[in-house]
Amino acid sequence: MKRLVLLIGLLSLIIHSYSQTFTQTIKGRVIDEDSKRSLIGANVFIPESEPLIAAVTDTNGMFRLLNVSVGRQTIHVSYVGYEPFIATDILVSTGKEVVLNIELKESLINVKEVSIIARKQTQSTVNTMTSVSARMFSVEESKRYAGGFYDPARMAESFAGVSPTGGESNELVIRGNSPRGLLWRLEGIEIPNPNHFRDGEGDSGGGVNIITSNVITNSDFMTGAFPAEYGNAVSGVFDIHLRQGNTERHEFGFQASVVGTEFAAEGPLTKKHNGSYLLNYRFASFSILEKAGISVSNNDIIPSFQDFVFNINMPSERMGKFSLFGFGGFSTAGNKAEMDSTKWINSYDRYDELEKHKTGVIGLKHFKSFPDQKTYLKTVLSASYECNTFDRAYIQNDLQFSNIFNEKLIYTNYRFYSMLHHKFNPRNRVRAGIIGSLLGYNTMMIFYRDDPENEYLYLNSTGKTGMLQSYAQWQIQLSDRTELNTGFHMMDFLLNSNFTFEPRLGFKWKLKGNQTLTMGVGVHSRHEPISFYMAELKQEDGSVTQPNRNLGLTKAWHNVIGYDIFIKPDFHIKTEAYYQHLFNIPIDDDPVSRESILNYNVGITHVPQSNEGTGNNYGLEITMEKFFTENYYFMITGSLYESKYKPADGHTYNTLYNGNYIANFLAGKEIILGKRDQNLIGFNTRLLLKGGNRTTPILLEESINAGYTVRDMDRWMEKKVTDFFRWDAGAYFRNNRPAFSWIVSLDIQNVTNRQNIYNSYYNPGEQNIQYIYLLGIIPILNFRIEFGH
């Protein structure tokens, strides 16, 4: 009898679970876009729900929509005196509550809602003082793009004017600029390169990003004519913000893939306070892929890494909001020399290499709104640490190892940032800030010539320096259709007292018919890695100098004009034309040299430099984009450009990155499944075609006679390697259960396994020209489960 009762109870539970409608809660906060104050009494609702699901914000601006069906939902928000806000295709699942932070803009006049839909979904940025060449990317967007691997940088490869340097790294070539000109910011403050497996000094990318899509909220990516707030950048800006943890419910996630595991947790700190925590940890190794015959590197010490990200929010009614945030990670990779001399084909087989990387940031952010409800102050303190080591040895004919190169670079930085924002009225708002940086360094780099006793000390410096920055911005709404953003940025690099004053100007003009004309101009600058200035040169008399210690800042003058038209609320065409004049560029101080820092993605030099170099980037970009509505999206981007530079010999050459064109096609589709429409299956694809990097042709006969690579110096940087093509694809299935949800996904980079060429060299062993190829196919299979209580 007991067994019969138990069976009936179990069947009832199963029938109930299959008959019930799967729902979740959407909650969040509505605030003023400028002052960040809570908006009390705002209406929030889901328009097509039956019965209508709606809420009104409380005294803290908070709202809660209960029993929302899983799947894609649309949220409408309205408030008297403010432009209406509409967010479409919000993904609702059973595993996690949806938490939204909605900012409304005060309206000058009554505006048709349809225009606001398009603007809010697409072209509005987190930083409201941007005018051109900027795009906000959301959490969903950064997860959706094929080949993105939950990496914001790989997602940005799809934007107009942006391309990768190759398959291994997420380095970005923006409008023909070297990747080393990119600035990374987290929670408003500059951070060191947040990537594993960086290639060297000055590198802005790496193989894997520590800050993944699972921990970020809406963030900005900029490609030119940045607002006055941004300094120490000449090519682009990643301005990333971490999302806050759930303040009412503990939620957990576990992810397993062919490269490792990930654990995530978030929830309230205590029941009495509105604080929260967010934690994310990953451990990964590429050993499974290597065993399957899929190489992610040319090294036989299999790359591995660990990292974590955290964000702890501690609001206070009187003192404002505090948050403790940060990340840390370490990674290793390398190569073992071939010990069997009969298998030596070229010199690379005899190299023994090991690289180790450690990086971390911890920061404290404070946000305080003033009683006038028009002013707020944001302050950030941070400390960062980097330690990168690289050792290379060479196996001799007698199978004994000889050191070739040892490097250990340690940077310990402390930064302070404070920004005051004030809105005088709906037409005028100002923003001003100061940034102070204490930059500590302990650098060592040694080359060995013939034997370990004959070493050449390239770099050996320990000390501290600093950088001071300040800026001011003024946004003026000249009318309901025109907006002017003006300001300046100042920077003083204390190592050699290099000071720069950088004016900035941006303009927006909303034409009739959902059209917008934009313009931006500004001067930008960036310092090189500290090691670049500290590199040592040994003179004939035995003395040691630092020939580049007083080198000036690299500078660029950006000019952009753009036009954007919305054909439909979810489809627009945008084009931008740009011209960048690069000046004060470090080049070899030799009248016959052709070297320029504009061709460096990484590295330093002890060859004496001067700031006499120049460069020019100009081009035209177009984007045709259908946003994710009605369960599908697509985007087509194209760029035509030129990237030139002038070194010490006075002639003009192609830069390394002058591929002349970039074309992207992205598309994705979701299909709703299940008796109660509770499940999703989705497909994404991406095609990338771009011109190859520039190189100087190899003279084969001369190389054979010389025994090493000899290039045709009369054709410097004239040749392009074969054009780069890559097809990425992805698929996923999301299943919602009453208490949890799970998703399985497959993301494939380089589906066709195309062998894209990176460069070429002469192999004296085989007396022919050989090619260095980029990565082939990389399939990443993921399983993730999310649940809470």
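Two strands count as paired if DSSP finds at least two bridges between them. With that in hand, here is a predicted model, and I will begin with its strand β5.

β5 covers residues 71-78. β5 pairs with strand β6, residues 85-92, in the antiparallel sense, over 6 bridges. One of the contacts to look for is Val77, whose bridge partner in β6 is Phe85. The two strands form a hairpin with 6 residues between them. In that turn, Gly81 has a positive phi of about 90°.

β5 also has a partner in strand β2, residues 43-46. Those two run antiparallel and are joined by 3 bridges. Here Asn43 has Ser78 of β5 as its bridge partner.

Is β5 largely enclosed or not? Buried means under 20% relative accessible area. By that cut-off 6 of the 8 residues of β5 are buried, so the strand is largely enclosed by the rest of the structure.

Now the empty space. There are 9 cavities of 30 Å³ or more in the structure. The largest cavity holds about 510 Å³. Its lining consists of 26 residues, and the closest to the centre are Glu190, Glu386, Arg526, His527 and Pro529. β11 (182-186) and β24 (401-425) are the elements that give two or more residues to this lining. By class, the lining has 10 nonpolar, 7 polar and 9 charged residues.

The second largest cavity holds about 280 Å³. It is lined by 22 residues, with Arg135, Phe159, Ala160, Lys574 and Thr623 nearest its centre. Its lining splits into 8 nonpolar, 8 polar and 6 charged residues.

Technical notes
Residues numbered from 1 in each chain as written. Predicted model: local features only at pLDDT ≥ 70, side-chain atom pairs only at ≥ 80, totals over all residues. Heavy atoms only, no water. 1 Å grid on protein atoms, 1.4 Å probe; cavity = no way out; pocket = protein on both sides within 12 Å on 5 of 7 lines; lining within 4 Å. Points joined across faces, edges and corners; volume = space filled by probe spheres on them. Helix = DSSP H or I, 4+ residues; strand = E, 2+ residues; numbered from the N terminus. Nonpolar A, V, L, I, M, F, W, Y, C, P; charged D, E, K, R; others polar. Buried < 20%, exposed > 50% of the residue type's maximum accessible area, 1.4 Å probe, protein only.
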